[in-house]
Amino acid sequence: MSYPPARYDGEGGEVSARIRRHDARPEIEQAGGGAVHYLATGESTGGDFGLYRWDFGPNREGPDPHFHRTISESFLVLSGVVSLYDGEAWQDAVVGDFMYVPAGGVHAFKNQPGAVASMLLLFASGAHREEYFETLAKVGHGLKLTDEERTSLYERHDNHWL
């Protein structure tokens, strides 16, 4: 495998790096006490990838088994225990455990009830996941979606439930 074509043709590089501090306020605060931090959105990476830190609160949260047709998704557990579904079975993942899911791969994740945890979510390419996460947080805070609105949300964000 070779490197992709050059995307920067300037001389000597440029000042374009960004730092996000560990104590930055999360973009989303979940109803159950968790939070989502936008570390690098698809927009900010020019569509290369999206990277998010998902901090679970003490209430059980996370999606049921599903797949994506257009993006891969990866998980890295940072703290606590996260149950990861690999398409065949739920497995408890601890700090440092990693799971890669290619497009089409069935997967899911949940935290242990009563326990906080944190993980990184990486989407490649950088799909616009922010509206999806924000809408789910609003639902957790009481927003009601019609069946048609829920179906539209899932279709727009490439979520296909089993």
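1. Lining of the largest pocket. In this predicted model, the residues lining the largest pocket divide by class into 12 nonpolar, 7 polar and 5 charged. The lining has 24 residues in total, and those nearest the centre of the pocket are W54, G62, P63, Y132 and L136. The space in this pocket comes to about 420 Å³.

2. Elements around the largest pocket. Two elements each give two or more residues to the lining of the largest pocket: helix 1, residues 130–140, and helix 2, residues 147–156. Helix 1 supplies the largest share, with 6 residues.

3. The second largest pocket. This pocket holds about 160 Å³ of space. Its lining is made by R18, I19, R20, Y38, L39, A40, T41, S44, T45 and F49. Sorted by class, the lining has 5 nonpolar, 3 polar and 2 charged residues.

4. The three-stranded sheet. Strands 7, 6 and 9, in that order, form an open sheet with antiparallel pairing. Strand 7 (90–93) and strand 9 (108–111) are its edge strands, each of them paired on one side only. From one strand to the next, the twist averages 25°.

5. Strands 6 and 9. Strand 6 covers residues 82–85 and is joined to strand 9 by 4 bridges, the two running antiparallel. Within this pairing, L84 of strand 6 has F109 of strand 9 opposite. As a general point, the strands of a sheet pair through backbone hydrogen bonds, in either a parallel or an antiparallel way.

6. Strands 5 and 8. A further antiparallel pairing links strand 5, residues 72–79, with strand 8 over 4 bridges. Here L76 has F98 of strand 8 as its bridge partner.

7. The two faces of strand 8. Which residues of strand 8 lie on its covered face, and which on its uncovered one? In strand 8, residues 98–101, M99 and V101 make up the covered face, while F98 and Y100 make up the uncovered face. In a regular strand, side chains alternate between the two faces of the sheet. F98, on the uncovered face, is also the bridge partner of L76.

8. Points to check in the viewer. For the largest pocket, W54, G62, P63, Y132 and L136 mark the residues nearest the centre, and helix 1 gives the largest share of the lining. For the sheet, the order 7-6-9 can be traced, with L84 opposite F109 as a marker. For strand 8, M99 and V101 can be set against F98 and Y100 to tell the covered face from the uncovered one.

Note on methods
Residues numbered from 1 in each chain as written. Predicted model: local features only at pLDDT ≥ 70, side-chain atom pairs only at ≥ 80, totals over all residues. Heavy atoms only, no water. Pairing = 2+ DSSP bridges. Axes fitted to C-alpha atoms, helices over the stretch in contact; angles between N-to-C directions. Buried < 20%, exposed > 50% of the residue type's maximum accessible area, 1.4 Å probe, protein only. 1 Å grid on protein atoms, 1.4 Å probe; cavity = no way out; pocket = protein on both sides within 12 Å on 5 of 7 lines; lining within 4 Å. Points joined across faces, edges and corners; volume = space filled by probe spheres on them. Nonpolar A, V, L, I, M, F, W, Y, C, P; charged D, E, K, R; others polar.
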